[in-house]
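User: I've got a model open and I'd like to test the labels people put on it. Can we go through them one at a time?

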Amino acid sequence: MSKKLRAAVTGAGWPAWQHIKAYQWSSDVELVALCDSDAEKLKKTADQYCIPQRFTSFDEMLNSGKIDVVSICTPNFLHALMSINAMEKGIHVLCEKPMAITVSDGLKMLDVSRRTGMTLMVAHQQRFTAQAQYLKKLVSDGCLGEIYHIRATWVRRRGIPGLGGWFTQKEKSGGGALMDIGVHLIDLSMWLLDFPEPLQVVSSWGSRFGVHGKGASTGYPATNNEKNSLFDVDDYVFAQINLCGGASLQLECSWAGHIRGEEFNLEIWGDKGGARLFPLTIYTDHKGLPIDSAPVLPETNPFEAEINSFIDSVKKGTTLLCHPEQSIRTVELIEMIYKSGTPEKTEVLKAESAPI
Ligand SMILES: NC(=O)c1ccc[n+]([C@@H]2O[C@H](COP(=O)([O-])OP(=O)(O)OC[C@H]3O[C@@H](n4cnc5c(N)ncnc54)[C@H](O)[C@@H]3O)[C@@H](O)[C@H]2O)c1
C-alpha cells in the first residue's frame with residue numbers, strides 16, 4: 001500500500017487532539033475527517049487543526065467512503081459499538097483506552113476484527129514513552145533477572161475529571177479512577193511481565209470524595225460537568241494481584257486523596273536489578289555496592305509513536321504493539337479488581353479467564 005491512508009478521528013476532547021496532531025505529523029497519513037456529536041466542539045477543533053470534512057454523525061462519517069482508519073476518542077461506553085461499526089465498514093480502528101467497559105464487549109470487538117481482517121489496536125500510549133520502551137527491552141533481555149514484583153502508582157490529590165459527567169457515571173464509563181487511570185498502570189505492568197494469568201486478586205475501593213461532590217480537577221473542562229451530579233464509581237482503588245509464575249502486582253490508584261500531590265510511577269523489582277520509570281533509574285549492584293544509573297533517552301512523543309506503530313501495522317503488516325487480546329486481559333483484571341473488593345467487604349478472588 002503506497003498511497004497515504006485517509007484517517008478520521010471521532011470525539012474532540014484532549015486525547016483526540018493528540019491523535020489529530022500525530023496523524024498530521026505522519027507522512028503516511030492524510031487526516032481527512034473529524035466527528036463530534038457536539039457541533040460547537042466539532043467546529044472549534046476542526047477549525048483549529050484545519051480538518052476539511054466534519055460530521056456530527058459517526059455513521060455518516062463511516063458511510064462517506066472517504067476513510068481508511070479511524071481513532072475512537074469518545075466516552076468509554078461507545079468504544080465497542082463504534083469500533084465494531086467501523087470494522088464492519090472495512091475501516092481499521094485505533095480505539096482509546098479502556099478497550100471497552102466489559103470483557104464481553106471486548107470479545108465482540110476482537111471477533112469482528114478477526115472476521116473482517118481489520119486491524120484493531122487500543123491506544124495504550126504509556127507503552128510508547130522512551131522510558132517504557134527502554135525498560136521493556138531491559139526486562140526482555142533479562143538484565144533485571146526474574147521480575148517478582150511491580151508497584152504501580154497513579155494517585156491524584158484533586159483530579160476527578162468532571163463531577164457528574166460521563167466519567168463519573170458507571171453506565172457510561174464502566175468505572176472510575178481504575179477504568180480511567182488504573183487502566184494505564186495495569187496495561188504497563190502486565191505488558192512488562194508479558195501478561196501472566198492472574199491467580200488471586202484482593203482489592204479495596206470506593207469513593208471518599210466524589211460521592212460528596214468533592215475532588216474535582218480544576219483543570220478539566222466544565223463541559224464535563226453535566227447537570228445531574230451522579231457519582232457511582234470509585235475514586236480510589238488499592239489492589240494486590242498475585243500472578244502465575246510467582247510475580248505480584250501492587251496497585252495504588254486514586255482520582256482524589258489527602259496526599260502530597262499527583263504521582264505517576266512504576267517500580268519494578270527483579271532479582272538481578274530493579275528500576276523506576278519516572279525518571280528512569282536502574283538499580284543494580286557493582287562490586288558489592290548498589291549502583292543507580294539513569295539512561296539518557298531521546299525525547300519522544302508517545303502519541304506519535306503509538307500512531308506510527310498502528311499505521312505501520314495497517315500499511316506494512318508489522319506486528320501490532322498493543323494486541324487487542326492483551327487489552328481484553330486488562331479489562332478482565334479491572335473487572336476482577338472491582339469484584340474482589342466492595343466498599344462493604346473484601347474477598348480473595350480466584351481468577352478464571354475468558355477464553356480468547
Ligand atoms: N490515552 C489517554 O491518555 C487518555 C486521556 C484522556 C482520555 N482518554 C480516553 O479518551 C476518551 C475520551 O475522553 P475525553 O477526555 O476526551 O472525554 P471528553 O468528554 O472530553 O470528550 C469526548 C468527546 O466525545 C464526543 N461524543 C460523545 N458522544 C459522541 C457520539 N455519539 N459521536 C461523536 N462524538 C461523541 C463529546 O461531544 C466529546 O467532545 C475516553 O475513552 C477516555 O478514557 C485517554
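User: How do you know that helix H10 (residues 324-340) has the span expected at 1.5 Å a residue?

Analyst: This is a predicted model, but the check works all the same. H10 has 17 residues, and the expected span is 1.5 Å times one less than that number, so 24 Å is what to look for. From first C-alpha to last, H10 reaches 24 Å, close to the expected value.

User: What makes H10 "mostly covered"?

Analyst: The count of buried residues: 13 of the 17 in H10 are buried. Buried means under 20% relative accessible area.

User: How do you know how far to trust the model, and where is pLDDT under 50?

Analyst: The protein chain averages a pLDDT of 94, and 92% of the residues score at least 70. The stretch to watch is residues 222-227, where pLDDT stays under 50. The model does have 15 contacts beyond four places in sequence for that stretch. Still, where pLDDT is low, the predicted coordinates should not be read in detail.

User: On to helix H8 (residues 177-192). Why is its span said to agree with the expected one?

Analyst: H8 has 16 residues, which should span 22 Å at 1.5 Å a residue, and its end C-alpha atoms are 22 Å apart, so the two agree.

User: What bend does H8 have, and where?

Analyst: About 45°, at Val183. That is the angle between axes fitted to the seven residues ending at Val183 and the seven starting there.

User: Why is H8 called largely enclosed?

Analyst: Because 16 of its 16 residues are buried, the rest of the structure largely encloses it. Just after H8 there's a backbone detail too: Asp194 takes a positive phi of about 65°.

User: Which residues does Lys97 contact, leaving aside neighbours within four places in sequence?

Analyst: Asn76, His79, Val122, Ala123, His124, Met179, Asp180, Val183 and His184. One of these, Val183, is where H8 bends. Lys97 itself sits in the loop between strand E5 (92-96) and helix H5 (103-116).

User: Lysine in a loop, so is Lys97 buried or exposed?

Analyst: Buried: its relative accessible area is 14%, and the cut-off is under 20%, so the label holds.

User: What makes the peptide bond after Lys97 worth a look?

Analyst: The bond from Lys97 to Pro98 is cis, with omega near -15°. Pro98 is in the loop between E5 and H5. There's another cis bond from Phe278 to Pro279, with omega near -10°, and Pro279 lies in the loop between strand E12 (274-276) and strand E13 (281-286). For context, most peptide bonds are trans.

User: Why does Thr74 get the label it has, buried or exposed?

Analyst: Thr74 has a relative accessible area of 11%, which is under 20%, so it counts as buried. Thr74 is in the loop between strand E4 (69-72) and helix H4 (79-88). Beyond four places in sequence, Thr74 is in contact with Thr10, Gly11, His79 and Met82. His79 is also among the contacts of Lys97.

User: What makes Cys50 and Lys287 stand out in phi?

Analyst: Each has a positive phi of about 50° although it is not a glycine. Most residues other than glycine have a negative phi. Cys50 is in the loop between helix H2 (39-48) and strand E3 (53-55), while Lys287 is in the loop between E13 and strand E14 (289-293).

User: How do you know whether Cys50 and Lys287 are buried or exposed?

Analyst: Exposed means over 50%. Cys50 has a relative accessible area of 65%, so it qualifies, and Lys287 does too, because its value is 78%.

User: Where is Leu320, and why does it count as buried?

Analyst: Leu320 is in the loop between helix H9 (302-316) and H10. Its relative accessibility is 13%, under the 20% limit, so it counts as buried.

User: How far is Leu320 from Met121, 199 residues apart along the chain?

Analyst: Their C-alpha atoms are separated by 7.3 Å. Leu320 is in contact with Met121, along with Thr119, Leu120 and Ser313, leaving aside neighbours within four places in sequence.

Conventions: Residues are numbered from 1 along each chain as its sequence is written. This is a predicted model: local features need pLDDT of at least 70, side-chain atom pairs count only at pLDDT 80 or more; totals for chains, interfaces and linings use all residues. Side-chain values use heavy atoms; hydrogens and water are left out. pLDDT is the predictor's confidence in each residue, from 0 to 100. Contact means heavy atoms within 4.5 Å. Helices (H or I, at least four residues) and strands (E, at least two) are DSSP runs, numbered from the N terminus. Buried means under 20% relative accessible area, exposed over 50%, partly exposed in between (1.4 Å probe, protein chains only).
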